Amino acid sequence: MVEERESLTNHLRAEIDAWTARFPKDQKQSAVLGALSAVQHEHGWLSTELMDAVADYLGMPRIAIYEVATFYSMYELEPVGRHSISVCTNVSCMLRGSEEIVAHLEKKLGIKTGQSTPDGRFYLKQEEECLAACCGAPMIQVDHVYHENLTPNKVDEILDKLD
Ligand code: FES
């Protein structure tokens, strides 16, 4: 039996093309962040095969893609829960109660940071460094959305609305 290899869908190729169009023709590699984000958005995480496919499509060495994907905390290199929750625990958020937010999330979801819920609904990422929303501390990012000035009750309201 021939193993089917993951590859880029037409939709993803079009998205990557849109990213590369923003840069000079001889600098396609500048689209790497957008390309990896698009792949993760469609697949939920970045498998080695998909990273290789991006490397081939952008004409980059595969190792260069791995370097980018492992450097930025926004990329997931293994399957995770559907909704990604990032809690900022840097100074402003720490002073305004982020420890309580982390403890509340761990208790509510029954997992520790870095884990996903068994039903695949949530992924509680490792604590984040400053997410540049210090004025709204404490804050979390859920998928692509920032939520600020949090209390445990507000966290419940946010998560309970998600599928
Ligand atoms: S310290 Fe949390 S957003 Fe800046």
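Two strands pair if DSSP finds at least two bridges between them. The views below come from a predicted model.

**View 1. Five strands build an open sheet.**
The strand order is 2-3-1-4-5, and the pairing is mixed. Strand 2 (115-116) and strand 5 (145-147) stand at the edges. Each has a single partner strand, so one side of each is left without a neighbour in the sheet.

**View 2. Strand 2 meets strand 3 (residues 122-124).**
These two strands pair in the antiparallel sense, over two bridges. Look for Ser116: Tyr123 in strand 3 stands opposite.

**View 3. Helix 6 (residues 98-109) packs on the sheet.**
Three strands are touched by helix 6: strand 1 (83-87), strand 3 and strand 4 (140-142). The direction of helix 6 makes about 150° with that of strand 1.

**View 4. Helix 3 (residues 48-58) has many neighbours to pack against: helix 1 (10-20), helix 2 (32-43) and helix 4 (62-71).**
Which residues of helix 3 are buried? They are Leu50, Met51, Asp52, Ala53, Val54, Ala55 and Leu58. The buried residues make the packing with helix 1, helix 2 and helix 4. Gly59 follows helix 3. The phi of Gly59 is positive, near 70°.

**View 5. Helix 2 crosses helix 4.**
Two packed helices are described by the angle between their axes and the distance between the axes. Here the axes come within 11 Å and cross at roughly 70°. Angles of 65 to 115 degrees count as roughly perpendicular, so helix 2 is roughly perpendicular to helix 4. Helix 2 brings Val32, Leu33 and Leu36 to the contact. Helix 4 brings Ile65, Val68 and Ala69. What kinds of residues make this contact: nonpolar, polar or charged? Six are nonpolar, none is polar and none is charged.

**View 6. The largest nonpolar core holds 22 residues.**
Leu36, Val54, Leu58 and Ile65 touch the most other members. Helix 1, helix 2, helix 3 and helix 4 each supply at least two residues of this core. Which helix gives the largest share? Helix 3 does, with six residues.

**View 7. Leu36 and its contacts.**
Set aside the neighbours within four places in sequence. Leu36 is then in contact with Leu46, Met51, Val54, Ile65, Val68, Ala69 and Tyr75. Two of these partners, Val54 and Ile65, are named with Leu36 among the core residues that touch the most other members.

**View 8. A second, separate core has 15 residues.**
Among them are Leu105, Leu109, Leu150 and Val155.

How values were computed
Residues are numbered from 1 along each chain as its sequence is written. This is a predicted model: local features need pLDDT of at least 70, side-chain atom pairs count only at pLDDT 80 or more; totals for chains, interfaces and linings use all residues. Side-chain values use heavy atoms; hydrogens and water are left out. Helices (H or I, at least four residues) and strands (E, at least two) are DSSP runs, numbered from the N terminus. Contact means heavy atoms within 4.5 Å. Axes are lines fitted to C-alpha atoms, for helices over the stretch in contact, and angles run from 0 to 180 degrees between N-to-C directions. Buried means under 20% relative accessible area, exposed over 50%, partly exposed in between (1.4 Å probe, protein chains only). Angles under 35 degrees count as roughly parallel, over 145 as roughly antiparallel, 65 to 115 as roughly perpendicular and the rest as oblique. Ala, Val, Leu, Ile, Met, Phe, Trp, Tyr, Cys and Pro count as nonpolar, Asp, Glu, Lys and Arg as charged, and the others, Gly among them, as polar. A nonpolar core is a set of buried Ala, Val, Leu, Ile, Met, Phe, Trp, Tyr and Cys residues joined through side-chain atoms within 4.5 Å.
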